[in-house]
Amino acid sequence: MRLSRHVLKYLYIYYLPSGLFVVVSWVGFLIPPEVVPGRMAMLITLFLVLINIFNIVTSNSPNVEGMTAIGAWMLVCIFFVFGALFGYAYLLWKKKKSCLKRKKNRKQTEEEGKLRAIRKEDYR
(Lines give C-alpha, C1' and ligand atoms only; values in the text may rest on other atoms or scores of the structure.)
Protein backbone atom coordinates (compact mmCIF):
# COMPACT_ATOMS: atom_id res chain seq x y z
CA MET A 1 0.00 0.00 0.00
CA ARG A 2 1.32 3.41 -0.94
CA LEU A 3 -0.04 6.62 0.61
CA SER A 4 0.49 10.01 -0.98
CA ARG A 5 -0.51 13.57 -0.25
CA HIS A 6 -1.89 16.03 -2.73
CA VAL A 7 0.33 18.96 -1.79
CA LEU A 8 -0.41 21.10 -4.84
CA LYS A 9 -4.08 21.25 -3.92
CA TYR A 10 -3.25 22.98 -0.63
CA LEU A 11 -0.75 25.28 -2.30
CA TYR A 12 -3.27 26.50 -4.88
CA ILE A 13 -6.31 26.69 -2.63
CA TYR A 14 -4.89 28.01 0.66
CA TYR A 15 -1.23 29.04 0.69
CA LEU A 16 -0.99 31.05 -2.54
CA PRO A 17 -4.19 33.13 -2.15
CA SER A 18 -3.55 33.91 1.50
CA GLY A 19 0.04 34.93 0.78
CA LEU A 20 -1.13 37.15 -2.06
CA PHE A 21 -3.73 38.76 0.20
CA VAL A 22 -0.98 39.69 2.64
CA VAL A 23 1.10 41.20 -0.17
CA VAL A 24 -1.93 43.19 -1.34
CA SER A 25 -2.41 44.51 2.19
CA TRP A 26 1.22 45.70 2.16
CA VAL A 27 0.67 47.37 -1.21
CA GLY A 28 -2.07 49.31 0.56
CA PHE A 29 0.70 51.37 2.18
CA LEU A 30 1.30 52.93 -1.24
CA ILE A 31 -2.22 54.38 -1.20
CA PRO A 32 -2.17 57.95 0.17
CA PRO A 33 -3.42 58.21 3.77
CA GLU A 34 -6.07 60.73 2.68
CA VAL A 35 -8.00 57.99 0.86
CA VAL A 36 -9.53 56.60 4.04
CA PRO A 37 -12.61 54.75 2.70
CA GLY A 38 -10.78 52.86 -0.03
CA ARG A 39 -7.85 51.82 2.10
CA MET A 40 -9.96 50.80 5.10
CA ALA A 41 -12.40 48.88 2.90
CA MET A 42 -9.55 47.00 1.27
CA LEU A 43 -7.88 46.09 4.58
CA ILE A 44 -11.09 45.06 6.32
CA THR A 45 -12.18 42.99 3.31
CA LEU A 46 -8.81 41.21 3.21
CA PHE A 47 -9.00 40.60 6.95
CA LEU A 48 -12.47 39.08 6.72
CA VAL A 49 -11.54 36.94 3.70
CA LEU A 50 -8.53 35.53 5.56
CA ILE A 51 -10.68 34.74 8.59
CA ASN A 52 -13.14 32.96 6.29
CA ILE A 53 -10.32 30.92 4.72
CA PHE A 54 -9.03 30.07 8.20
CA ASN A 55 -12.51 28.85 9.20
CA ILE A 56 -12.65 26.66 6.09
CA VAL A 57 -9.18 25.26 6.82
CA THR A 58 -10.07 24.38 10.40
CA SER A 59 -13.38 22.79 9.39
CA ASN A 60 -11.76 20.70 6.62
CA SER A 61 -8.74 19.62 8.67
CA PRO A 62 -8.80 16.54 10.84
CA ASN A 63 -9.07 17.11 14.56
CA VAL A 64 -5.59 17.29 16.05
CA GLU A 65 -4.35 18.24 19.48
CA GLY A 66 -1.86 20.88 18.38
CA MET A 67 -1.59 23.41 15.61
CA THR A 68 -1.26 22.29 12.01
CA ALA A 69 1.16 23.99 9.62
CA ILE A 70 -1.63 25.42 7.49
CA GLY A 71 -3.44 26.72 10.57
CA ALA A 72 -0.28 28.46 11.75
CA TRP A 73 0.24 29.91 8.25
CA MET A 74 -3.28 31.30 8.21
CA LEU A 75 -2.91 32.82 11.69
CA VAL A 76 0.32 34.54 10.65
CA CYS A 77 -1.37 35.89 7.50
CA ILE A 78 -4.27 37.20 9.61
CA PHE A 79 -1.78 38.76 12.01
CA PHE A 80 0.04 40.57 9.17
CA VAL A 81 -3.17 41.99 7.70
CA PHE A 82 -4.35 43.02 11.16
CA GLY A 83 -0.95 44.69 11.66
CA ALA A 84 -1.46 46.68 8.46
CA LEU A 85 -4.94 47.66 9.65
CA PHE A 86 -3.64 48.68 13.06
CA GLY A 87 -0.75 50.61 11.47
CA TYR A 88 -3.15 52.58 9.32
CA ALA A 89 -5.39 53.31 12.32
CA TYR A 90 -2.32 54.58 14.22
CA LEU A 91 -1.35 56.75 11.24
CA LEU A 92 -4.84 58.28 11.13
CA TRP A 93 -4.76 58.90 14.89
CA LYS A 94 -1.39 60.67 14.69
CA LYS A 95 -2.56 62.71 11.71
CA LYS A 96 -5.73 63.79 13.52
CA LYS A 97 -3.74 64.63 16.64
CA SER A 98 -1.31 66.85 14.70
CA CYS A 99 -4.22 68.52 12.86
CA LEU A 100 -5.94 69.34 16.16
CA LYS A 101 -2.66 70.69 17.52
CA ARG A 102 -2.25 72.95 14.47
CA LYS A 103 -5.81 74.26 14.87
CA LYS A 104 -5.18 74.97 18.53
CA ASN A 105 -1.94 76.83 17.73
CA ARG A 106 -3.65 78.80 14.95
CA LYS A 107 -6.49 79.75 17.29
CA GLN A 108 -3.98 80.90 19.94
CA THR A 109 -2.09 83.05 17.45
CA GLU A 110 -5.35 84.61 16.24
CA GLU A 111 -6.35 85.41 19.82
CA GLU A 112 -2.90 86.87 20.54
CA GLY A 113 -3.16 89.00 17.40
CA LYS A 114 -6.56 90.32 18.49
CA LEU A 115 -5.19 91.11 21.96
CA ARG A 116 -2.24 92.99 20.44
CA ALA A 117 -4.59 94.98 18.24
CA ILE A 118 -6.75 95.87 21.26
CA ARG A 119 -3.68 96.90 23.26
CA LYS A 120 -2.43 99.12 20.43
CA GLU A 121 -5.81 100.82 20.25
CA ASP A 122 -5.77 101.34 24.03
CA TYR A 123 -2.38 103.11 23.83
CA ARG A 124 -3.57 105.50 21.14
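**Exercise 1. Decide whether Val 22 is buried or exposed in this predicted model, and place Val 22 in its helix.**

Solution. Val 22 has a relative accessibility of 4%, and the cut-off for a buried residue is under 20%, so Val 22 counts as buried. The next step is to locate the residue, and Val 22 turns out to lie in helix H1. There it belongs to a buried set that also holds Tyr 14, Ser 18, Gly 19 and Ser 25. An α-helix has 3.6 residues a turn, so residues three or four places apart point the same way. Finally, looking beyond H1, one finds that Val 22 and Met 74 are separated by 52 residues in sequence, while their C-alpha atoms are 10 Å apart in space.

**Exercise 2. Work out how the spans of helices H1 and H2 stand against the expected values, and find where H1 bends.**

Solution. Begin with H1, which runs over residues 7-27 and has 21 residues. From first C-alpha to last, H1 reaches 28 Å, which is close to the 30 Å expected at 1.5 Å a residue. Next, follow the axis of H1, which bends by about 30 degrees at Tyr 15, with the proline Pro 17 following within four residues. Then turn to H2, whose 25 residues reach 36 Å, close to the expected 36 Å. To complete the description of H2, list its buried residues, which include Leu 43, Leu 46, Phe 47 and Leu 50, and among which Arg 39 also appears.

**Exercise 3. Describe the largest pocket by its volume, its lining residues and the helices that supply them.**

Solution. The volume of the largest pocket is about 440 Å³. Its lining is made up of 14 residues, of which Arg 5, His 6, Tyr 10, Ser 61 and Ile 70 are the closest to the centre. Sorting the lining by type gives eight nonpolar, four polar and two charged residues. Sorting by helix instead, H1, H2 (36-60) and H3 (69-123) each supply at least two residues, and H1 gives the most, with five.

**Exercise 4. Determine how many disulfides the model contains, and compare the exposure of Cys 77 and Cys 99.**

Solution. A disulfide requires a pair of cysteine sulfur atoms within 2.5 Å, and by this rule the count comes to zero. For the exposure, take each cysteine in turn: Cys 77 has 4% relative accessibility and therefore counts as buried, whereas Cys 99, with a relative accessible area of 33%, is partly exposed.

Methods
Residues numbered from 1 in each chain as written. Predicted model: local features only at pLDDT ≥ 70, side-chain atom pairs only at ≥ 80, totals over all residues. Heavy atoms only, no water. Expected span 1.5 Å × (residues − 1). Bend = angle between axes of the 7 residues up to and from the residue. Buried < 20%, exposed > 50% of the residue type's maximum accessible area, 1.4 Å probe, protein only. 1 Å grid on protein atoms, 1.4 Å probe; cavity = no way out; pocket = protein on both sides within 12 Å on 5 of 7 lines; lining within 4 Å. Points joined across faces, edges and corners; volume = space filled by probe spheres on them. Nonpolar A, V, L, I, M, F, W, Y, C, P; charged D, E, K, R; others polar.
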